[in-house]
Amino acid sequence: MEKGKTRDGYCLGIESTADDFSVGIATFKGEILANVISAYIPPEGGIHPREASRHHAEVASKVLEEAFRKACIKPRDLAVIAFSQGPGLGPCLRTGAAVARALASYLHVPLVGVNHCVAHIEIGKLKAGAKDPVTLYVSGGNTIVAAFDAGRYRVFGETLDIALGNCLDVFAREAGLKQKPGEPFGAIVEKLAKSGKRLVPLPYAVRGMDMSFSGLLTAAIKALQKGDYKLEDLCYSLQETAFSMVVEVTERALAHTEKKEVLLTGGVAANRRLQEMVRFIAEEHNAKFCTVPSEYAIDNGAMIAWTGVLAFTHGITTPIEKSYVRLKWRLEEVEVPWMK
Ligand code: ATP
Ligand code: FE2
């Protein structure tokens with residue numbers, strides 16, 4: 001049977017919180033028909049929000065067309081449009097929201113504003129077959145340990161300053177490493193860390209259930225500049241220290257909630273060493289270790305489309321006048337009626 005003709009409803013999801021512009025198409029049954037991602041790579045340095053948003057505006061129509069082509073459906077087949085409403089970078093979010101509003105108005109279909117962090121958890125559950133996990137979500141902009149309780153995903157622990165992925169990226173840039181398309185800094189650090197042997201003492205900062213990575217980053221950069229250690233050893237030590245921090249908090253959340261699954265997601269979830277460490281604590285607590293293919297762990301439109309389906313089929317829509325972007329929209333502010 002032809003792919004696009006067999007389902008009862010389709011949701012198109014637009015993701016544009018940071019450096020990726022992505023469009024996904026999901027059926028109401030949870031099949032992902034398309035997930036097209038266009039990543040913005042800055043010529044040098046970190047992401048400049050306005051330049052990233054320009055990239056998003058430039059690629060939007062091409063990415064949309066490709067998503068429709070891959071899904072074998074037409075715009076008129078859509079039942080609902082979802083978009084990442086926050087948290088994220090203002091100019092980037094606004095570009096995605098504008099595309100979503102235009103499409104929804106033109107097609108006369110409802111709009112759903114999706115929380116980006118909820119979407120990471122939902123696609124993780126869908127793709128890894130988890131039902132009610134403790135989630136460790138680690139990316140360039142977020143470091144969150146969360147679990148469902150009383151109608152919402154509660155944040156058990158988070159970073160007090162920079163995110164884990166950002167810590168790896170800044171260290172890699174300071175070390176003069178060069179990023180190639182499709183090769184994130186974190187992956188380069190991971191490769192170098194494999195030949196590291198010596199554990200350099202670096203500050204380990206867990207405060208209650210929260211974490212801090214900026215002191216660790218500064219110490220690692222200082223050690224690098226002093227030239228007393230091999231880069232491989234520093235990459236290895238940075239990973240071991242930072243990963244132990246997130247794993248400690250995840251383990252405590254697991255012990256406290258007594259959940260039976262641990263879900264690892266976000267761009268840093270691609271790291272094999274981190275996977276190994278999280279798997280270890282999951283097994284210690286008789287919980288299932290779940291992780292997602294990288295295409296669905298990084299920022300992607302499919303997660304917005306699927307969360308849009310969950311929200312829409314539980315009566316949630318976002319009127320255009322309430323579709324303003326929410327730069328600091330926190331995970332625990334969002335009700336998730338589909339989990340009840
Ligand atoms: P968010 O908006 O959710 O914060 P993001 O914009 O940071 O996401 P992601 O693609 O989810 O985007 O995550 C990117 C991060 O993942 C970068 O910091 C990158 O270095 C890191 N990363 C990617 N691959 C690896 C790896 N193999 N090991 C460690 N980190 C990795
Ligand atoms: Fe993300």
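The questions and answers below go through the cores, helix packing and selected residues of a predicted model.

Residues are numbered from 1 along each chain as its sequence is written, while chains are lettered from A and ligands numbered from 1 in the order in which they are written. In this predicted model local features need pLDDT of at least 70, side-chain atom pairs count only at pLDDT 80 or more, and totals for chains, interfaces and linings use all residues, with side-chain values resting on heavy atoms and leaving out hydrogens and water.

Q: Which helix gives the most residues to the largest nonpolar core?
A: A nonpolar core is a set of buried Ala, Val, Leu, Ile, Met, Phe, Trp, Tyr and Cys residues joined through side-chain atoms within 4.5 Å, and the largest one here has 51 residues, of which Leu 164, Phe 171, Phe 213, Val 246 and Leu 274 touch the most other members. Among the elements that each supply at least two residues of this core are strand E6 (134-138), helix H4 (164-174), helix H5 (185-194), helix H7 (231-257) and helix H8 (272-284), where helices (H or I, at least four residues) and strands (E, at least two) are DSSP runs numbered from the N terminus. The element that gives the most, with 11 residues, is H7.

Q: How many residues are in the second, separate core?
A: This second core is separate, and it includes Tyr 137, Tyr 153, Ala 305 and Ala 311. Its number of residues is 32.

Q: Which residues from Ala 242 onward are in contact with Phe 213?
A: Contact means heavy atoms within 4.5 Å, and neighbours of Phe 213 within four places in sequence are left aside. Earlier in the chain, Phe 213 is in contact with Thr 143, Thr 159, Asp 161, Ile 162, Ala 163, Leu 164 and Cys 167. From Ala 242 onward, the residues in contact with Phe 213 are Ala 242, Met 245 and Val 246.

Q: Are H1 and H2 roughly parallel or roughly antiparallel?
A: Two packed helices are described by the angle between their axes and the distance between the axes. Axes are lines fitted to C-alpha atoms, for helices over the stretch in contact, and angles run from 0 to 180 degrees between N-to-C directions; helix H1 (residues 49-71) and helix H2 (residues 90-107) pack at an angle of about 30 degrees, with their axes 7 Å apart. Angles under 35 degrees count as roughly parallel, over 145 as roughly antiparallel, 65 to 115 as roughly perpendicular and the rest as oblique. That angle makes H1 and H2 roughly parallel.

Q: At what angle do H3 and H10 pack?
A: In H3, His 116, Val 118, Ala 119, His 120, Glu 122, Ile 123 and Leu 126 meet Ala 302, Met 303, Ile 304, Trp 306, Thr 307 and Leu 310 in H10. The axes of H3 and helix H10 (residues 301-312) are 8 Å apart, and the two helices are roughly perpendicular to each other. Their packing angle is about 90 degrees.

Q: Is Lys 125 buried or exposed?
A: Lys 125 lies in helix H3 (residues 116-128), and, with neighbours within four places in sequence left aside, Lys 125 is in contact with Ala 130, Lys 131, Pro 133, Tyr 153, Leu 263 and Met 339. Buried means under 20% relative accessible area, exposed over 50% and partly exposed in between, for a 1.4 Å probe and protein chains only. With a relative accessible area of 8%, Lys 125 is buried.

Q: What is the relative accessible area of Gly 165?
A: Gly 165 lies in helix H4 and, leaving aside neighbours within four places in sequence, is in contact with Ser 139, Gly 140 and Val 268. Gly 165 is buried, with a relative accessible area of 5%.

Q: Which helices are included in what covers the buried residues of H5?
A: H5 is mostly covered, as seven of its 10 residues are buried, among them Phe 185, Ile 188, Glu 190 and Leu 192. What covers these buried residues includes H4, H7 and H8.

Q: Where is Glu 258 found?
A: Glu 258 has a positive phi of about 55 degrees although it is not a glycine, and Glu 258 is exposed, with a relative accessible area of 62%. Glu 258 is found in the loop between H7 and E11.

Q: Which residues does a cis peptide bond join?
A: The omega of this bond is about -5 degrees, and Pro 87 lies in the loop between strand E4 (80-86) and H2. The residues joined are Gly 86 and Pro 87.
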